[in-house]
Amino acid sequence: MAHHAADPNQDHDFEVIDLSPFFTTPGAAKEKEEAIRRIREACSDSGMFLIVNHGVPAEALDETLAVAREFFAGPDEEKLKWSPRPPEPGAAATMPMEVMERTFEYFVKTVAPLIETLINDALGLPPDLLRQYNSERQWDVMLAYHYFKATETKKVGSHPHKDPNLFTVLLQDDVGGLEFLRGDGEWIPVSPVPHSLIVNVGDVVQVLSNGEFKSVAHRVVSPREKDRYSLAFGYQIGGEKWVEPFAELTGQSSKAMNRFQGFHYHEFLQLLGENYKLHLDPNDAFAIMDVVNHYALPASPVNLPAATAPN
Ligand code: OGA
Ligand code: NI
C-alpha cells in the first residue's frame, strides 16, 4: 500500500480507516468515497483493514477487555460453571456478563452492518445487496480469547488460518501479536492501535465477490512479556445458505467468468471440519487455509489438450 506524506496512515503497514464520516457528517461524499476506495484496496490486496471512530465508545471496548481479563483470572471451577455440558478442558465457556451483551449488540447492530454496507459498495454492488443476502442474524458469535505468554516450548498463539465466515471484527489489547499475510506474501504484524477494531475478510465474502476480495490469512504470535487478550465477533450466515459469486460480478451472460462453483454453506463447514481432523499437525496449518478453493473453478475455461501434458 502506498502512503504519501500527508497520510495519517503512514506509520502502519495496513490501512486504518476513519469511519466518522458515516456517523456524523451529512454529505461528506468525498470522505466517504475515499474510505470506500481504501477499503476496496485493502480487501483486494490482503483482506484486512483497521477501523477507528467505528461507533463503539472507547470505554465500552476498555471495559470489555477488562471483563475478559477478570473472567480468565478467576478460578477454573468458576469458569467451568459456564462451560457447556459436560465440561471438558478447552471447551468454550459462556460468559454471562452484561458488558459482553452490550458489546455484542454494538457489533451486531452498528459495526457489522456498516462494514457490510461498505464492502457492498466497495465491490460496486447494487445498494444493500449483501445485506439482503445476509439477512438472518441468529448465527453470529463473539469469542473472548486468552493467549498465554510464550514459553520455551510454546510460541504459537494461533496457527495461520482464514475465517470461514463473511468477516470477523477483532478487538485486540495493547499487547499485540496478530499478524496477517499481505498480498506480497509477507507476514505483517498488526501493531496495536488504541480503540481500533480489526476487520478480517472471510471465505464467504471471497466467494461472493468472485475472488475480488481476499479471505485474509492471519495468525497470532504468542506475546513474549505478558498474556494477551482479544475478542472476535464473527458475522455469519446459516448452514442452509447457498454461497456463490454474485451474478452482478460475474457478467450474467458468461459463466466462464465465474471463479467459484456454488455450494451450501454447511457442506463447506463439514469439509473444513474434516480437513482440521486430517491436519492436526500444526505444521500442516497451511493445508487447511484454502479449503474454500475446493470450490474454485479453473481460471481459464479453455483446457489444455491432454497430449500437451507432461508424462
Ligand atoms: C479468530 C482469530 C485472532 C485473535 O478468532 O478467528 O483469528 O486476535 N482471532 O484472537
Ligand atoms: Ni481468525
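**A walk through the aromatic contacts**

Phe-246 is buried, with 10% relative accessible area, where buried means under 20%, exposed over 50% and partly exposed in between (1.4 Å probe, protein chains only). This is a predicted model, in which local features need pLDDT of at least 70 and side-chain atom pairs count only at pLDDT 80 or more, while totals for chains, interfaces and linings use all residues. Residues are numbered from 1 along each chain as its sequence is written, and side-chain values use heavy atoms, with hydrogens and water left out.

Let's look at the rings. Searching the whole structure turns up twelve aromatic pairs; rings of Phe, Tyr and Trp (its six-membered ring) pair if their centres lie within 6.5 Å, and planes under 30 degrees apart count as stacked, over 60 as edge-to-face and the rest as tilted. In one of them, Tyr-133 meets Phe-246 edge-to-face, at 5.7 Å centre to centre and 85 degrees between the planes. The two lie 113 residues apart: Tyr-133 belongs to helix α5 (residues 129-133), and Phe-246 to the loop between β11 (242-243) and α7 (247-250). Here helices (H or I, at least four residues) and strands (E, at least two) are DSSP runs, numbered from the N terminus. Tyr-133 is also buried, at 13% relative accessibility, and the charged end of Lys-241 sits over its ring, 4.6 Å from the centre. For that, NZ of Lys or CZ of Arg must be within 6 Å of the ring centre and within 35 degrees of the ring normal. Likewise, Arg-219 places its charged end over the ring of Trp-187, 4.1 Å from the centre.

Finally, one aromatic cluster is formed by Phe-104, Phe-107, Phe-167, Phe-233 and Tyr-235.

Terms used: Chains are lettered from A and ligands numbered from 1 in the order in which they are written.
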